[in-house]
Amino acid sequence: MEDPVEIHSWKGVPVQDSARWNAAFSHNPSKIKVGVPCPLCGRIELFRWRDGGRGLWEWCNGCGAVEHSTAIPLMEWLPEVSVRPRQLTALPSSIVEALREVRFL
Ligand SMILES: [Zn+2]
């Protein structure tokens, strides 16, 4: 198996791509793995993570695009694995690390 893509820098989603980004993230809202191509790089590397009360992270492990918000719509959240990232920031680095530790990524 190939090593996961290393992300060296995260970048915000350009405003002109936000509609396509949100459309992609409408898939599988209860899961970590979104399962559709990233609208920015085309790779099937989109992931999300929710932390009740603290936020929603949406990111692409292919190109490093990331969106973080603290306004959480009430919806079902049934992640494939349960992790506890060490340090939560607006960037998903510690979430990616925690998911790699359990070999989800
Ligand atoms: Zn991407």
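This is a short dialogue on reading the strands and one exposed residue in a predicted model.

Trainee: Let's begin with the overall layout. Which helices and strands does the protein chain have, and in what pattern do they follow along the sequence?

Mentor: A good habit is to list the elements before looking at how they pack. In this predicted model, the protein chain has 2 helices and 4 strands. Their pattern along the sequence is β-α-β-β-β-α.

Trainee: How do the strands form a sheet, and in what order?

Mentor: Order in a sheet and order in sequence are separate things to read. Here the 4 strands form an open sheet with the order β1-β4-β3-β2, and the pairing is mixed. At the edges stand β1 and β2, residues 46-51; each has a single partner strand, so one side of each has no neighbour in the sheet.

Trainee: How many bridges join β2 to β3?

Mentor: There are 6 bridges between β2 and β3, and these strands run antiparallel. As an example of facing residues, R50 is opposite L56 in β3.

Trainee: And how many bridges join β3 to β4?

Mentor: Strand β3, residues 55-60, is joined to β4, residues 65-69, by 4 bridges, again in an antiparallel arrangement. You can follow the register through individual partners: W57 has H68 of β4 as its bridge partner, and E58 has E67 of β4.

Trainee: What should I keep in mind about side chains when I step along a strand?

Mentor: In a regular strand, side chains alternate between the two faces of the sheet.

Trainee: What about the hairpin of β3 and β4: which residue there takes a positive phi?

Mentor: The hairpin has 4 residues between its strands, and G64 takes a positive phi near 85 degrees.

Trainee: Now for K11. Where does this residue lie, and is K11 buried or exposed?

Mentor: K11 lies in strand β1, residues 11-12. To judge burial, count the surrounding C-beta atoms: K11 has 12 others within 10 Å, and 12 or fewer counts as exposed, so K11 is exposed.

Trainee: Which residues is K11 in contact with, beyond its neighbours within four places in sequence?

Mentor: Those contacts are with G64 and A65. G64 is the hairpin residue with the positive phi. K11 and G64 are 53 residues apart along the chain, yet their C-alpha atoms are separated by 6.0 Å.

Trainee: Stepping back to the protein chain, what share of its 105 residues is buried?

Mentor: Buried residues make up 20% of the 105. As for sequence range, among contacts with a separation of 6 or more, 37% are between residues 24 or more positions apart.

Note on methods: Residues numbered from 1 in each chain as written. Predicted model: local features only at pLDDT ≥ 70, side-chain atom pairs only at ≥ 80, totals over all residues. Contact = placed C-beta atoms within 7 Å. Pairing = 2+ DSSP bridges.
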